[in-house]
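Q: Please choose one part of this model and take me through it closely. I would like to follow how it sits among its surroundings, with each term explained as it comes up.

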Amino acid sequence: MLRRGFLAAALAAALPACSRKARLASLPAGATVLALGDSITFGTGASPQGSYPAVLAGLTGWNVVNAGVPGDTSAAALARLPELLQQHSPALVLVSIGGNDFLRRMPPDSTRANIRSICKQAREAGAQVLLVGIPEASALAAAARSLGDHAMYEELAAELKLPLHAGGWSRVLSDPALRSDAIHANAQGYEAFATGLAQRLRELGLLAG
């Protein structure tokens with residue numbers, strides 16, 4: 001019995017940290033959530049009420065702060081993050097950034113470092129963090145309606161032991177019926193993204209119901 005107990009304890013200690021991290025704290029209605037991003041977070045191509053943060057607020061009952069700035073790179077988002085964290089004290093930060101880095105062919109290592117810093121700063125401020133995958137810039141994949149997330153998001157999620165919402169933007173932006181132009185969703189696209197994100201939040205335990 002003693003040996004069996006020792007083996008059980010050893011096995012529990014050996015479980016990867018990401019398994020323990022999977023149990024996230026559920027957020028109540030009214031919780032403040034920061035949606036950090038660029039134009040697809042801002043809602044370019046739809047009305048302010050049609051942006052994904054606005055739709056997500058309606059689906060969750062959370063106070064979702066739209067911190068999307070059109071044209072923002074990962075470096076610009078990182079630079080304005082401290083003030084946002086101080087102003088809003090969010091319980092959760094949704095990190096959806098990097099698309100403009102890819103479009104402008106910025107060094108991937110710099111983008112990776114900036115997103116890593118964003119996630120670490122948000123956690124150090126006491127927020128839970130959900131990383132959102134962004135499609136890799138590819139004219140061929142866009143034409144074939146088969147966009148896929150850049151590999152760095154899965155890698156960063158594993159490295160930082162963070163939950164990842166994969167494929168949400170790739171699915172929306174691969175469908176011409178859900179886009180307002182080549183790189184932005186329309187109102188239907190933002191609604192589809194927010195609905196998929198809400199489902200992922202339920203799976204993670206962040207959203208009850």
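**A close look at helix α9**

A: The buried residues of α9 are covered by parts of the chain that include the helices α6 (99-103) and α7 (108-124) and the strands β4 (128-132) and β5 (164-165); here covering rests on contact, meaning heavy atoms within 4.5 Å, and buried means under 20% relative accessible area, exposed over 50% and partly exposed in between, with a 1.4 Å probe and protein chains only. Helices (H or I, at least four residues) and strands (E, at least two) are DSSP runs, numbered from the N terminus. The model is a predicted one, in which local features need pLDDT of at least 70 and side-chain atom pairs count only at pLDDT 80 or more, while totals for chains, interfaces and linings use all residues. Residues are numbered from 1 along each chain as its sequence is written, and side-chain values use heavy atoms, with hydrogens and water left out.

Helix α9 itself takes in residues 151-160, and its buried residues are Met152, Tyr153, Leu156, Ala157 and Leu160. These five lie on the same side of α9 because they cover an arc of only 135° around the axis, the arc being that of the directions from the helix axis to the C-beta atoms. On the face turned away from that buried side, α9 carries Glu154 and Ala158, which are exposed.

Just after the helix, Lys161 has a positive phi of about 55°. Most residues other than glycine have a negative phi. Arg105 is another residue with a positive value, near 55°, and its place is in the loop between α6 and α7, where Arg105 is exposed with a relative accessible area of 66%.

The two strands that help to cover α9 belong to an open sheet of 5 strands, ordered β2-β1-β3-β4-β5 with parallel pairing; two strands pair if DSSP finds at least two bridges between them. The edge strands of this sheet are β2 (63-68) and β5, each of which pairs on one side only. For β5, the pairing with β4 is in the parallel sense and runs over 2 bridges, and Leu131 has Leu164 of β5 as its bridge partner.

Elsewhere in the sheet, strand β3 holds Leu92, which is buried with a relative accessible area of 0%. Among the residues that Leu92 touches, not counting those up to four places away in sequence, are Gln128, Val129 and Leu130.
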